[in-house]
Protein chains: 2
Amino acid sequence: MPMQHHPETEEEKVLAANLAFYEALRCLDLARMEAVWLQEDWVRCLHPGWELLLGWEEVQRSWAAIFDSTGHMLISISRPLVQIVGGTAWVSCLEDVTTAQRDGISSALIETTNIFVRHRGRWLLVHRHTTPLPRKTDSPHDQILQ
Amino acid sequence: MPMQHHPETEEEKVLAANLAFYEALRCLDLARMEAVWLQEDWVRCLHPGWELLLGWEEVQRSWAAIFDSTGHMLISISRPLVQIVGGTAWVSCLEDVTTAQRDGISSALIETTNIFVRHRGRWLLVHRHTTPLPRKTDSPHDQILQ
C-alpha cells in the first residue's frame, strides 16, 4: 500500500515510518529493514516467541535470520494509534501475520508497540515489543497490505 | 524493597518510578497505582492475556477489577533496562508474578515494556505492554520484592 501523499504532520511522519517498517518486513528486505532502525547499542526488540534482543547487532542478526528462513510473508496492520511526546513517539497496532517457512505455514494476530525517536529529522525505530494474541474466529482482520 | 537512598540521576528517578509501580501492584493499592500513572485519555495498557486498554478511565477500571479479584500477589522483577530520550523513558524488565485469585493460584514470567513521561518533574507511567513467556524450569527468578 504505497503512501498516497507526502506526510505533513509529525503524526503522519510517524505513521509513515511505521508503515516503512512493515513494508520492509513484507518484502523481507534487509537493507530496508536496516534503514528504518536507529543502529545503536541500546535498541531492543522482542520478536513474537523470542527472548528480548539487546542492541542493534543482535537485532540486525535476528532480521537476517528471520528473512533467511521465511519464504513469504503476508502482513496487515490495523488500529494504529500514535502518541508523540517531544522527540519520541510510539505506535500501538495489531498485526495479522501469515508466514511460509521451511517447516510450514503459520498465522498469528500480534499486539505491538513500536517506539520511534526523531533522529536528524527522521523517525527511526528503537524498540519493538510484540505479543501474540489468541486467535478469535469471529474477528477477521483483512486490511492486507499486499 | 524500600529505596535505600533518594534517587539522583534521571535514570535512578525512572527506576524509582518503575519500582513504585510494582510496589502499588504488590500491595494491590489502587490509590498508589493511580498516583504512578499519568491520567490522560491517551495512556494505554496491555495486561497479560487482555486486549489493549485505551485511556486512563479504562486503565483505572482494570486495576480496580484486578485488585478486587486478587487475594495476594508475589512479584519480583529482574533485568531492568532504562532508556531515556528527552522527557520520555522506557524500562524493559522481566516480571515473575504469582497471584492467588478466586479460581486458584497462577504463576507467570512476563516480559514488559513500561513507558514513562516526565510531567512536572515526576516520571509517570503512560504505556504498559506485557508478554507472558513460556516457563523454563531451569531459569528461576528469585529477586522477590516482598
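In what order do the 6 strands of the open sheet in chain B lie?

1. In this predicted model, the strands of chain B follow the order β2-β1-β6-β5-β4-β3, and together they form an open sheet whose pairing is mixed. At the edges of the sheet lie β2 (53-54) and β3 (70-85) of chain B, each of which pairs on one side only.

2. It helps to look next at one of these edges, where strand β1 (residues 44-46) of chain B is joined to β2(B) by 2 bridges, the two strands running antiparallel. To find this pairing in the structure, start from B:Cys45, whose bridge partner in β2(B) is B:Leu53.

3. Two helices of chain B should then be placed against the strands. Helix α3 (residues 56-69) of chain B packs on the sheet and touches β1, β2, β3, β4 and β6 of chain B, while its direction makes about 140 degrees with that of β3(B). Helix α1 (residues 10-27) of chain B lies across β3, β4 (88-101), β5 (104-119) and β6 (122-133) of that chain, and runs at about 165 degrees to β3(B).

4. Turning to the pair of chains, a turn of 180 degrees with a shift of 0.0 Å along the axis lays chain B on chain A with an RMSD of 0.0 Å. The two copies are therefore related as by a two-fold rotation axis. In chain B, the C-alpha nearest this axis belongs to B:Thr131, at 2.7 Å from it. Both copies use the same surface, since 100% of the contact residues of chain B recur in chain A.

Technical notes:
Residues are numbered from 1 along each chain as its sequence is written. Chains are lettered from A and ligands numbered from 1 in the order in which they are written. This is a predicted model: local features need pLDDT of at least 70, side-chain atom pairs count only at pLDDT 80 or more; totals for chains, interfaces and linings use all residues. Side-chain values use heavy atoms; hydrogens and water are left out. Copies are superposed by least squares on the C-alpha atoms of residues with pLDDT of at least 70 in both. Contact means heavy atoms within 4.5 Å. Two strands pair if DSSP finds at least two bridges between them. Helices (H or I, at least four residues) and strands (E, at least two) are DSSP runs, numbered from the N terminus. Axes are lines fitted to C-alpha atoms, for helices over the stretch in contact, and angles run from 0 to 180 degrees between N-to-C directions.
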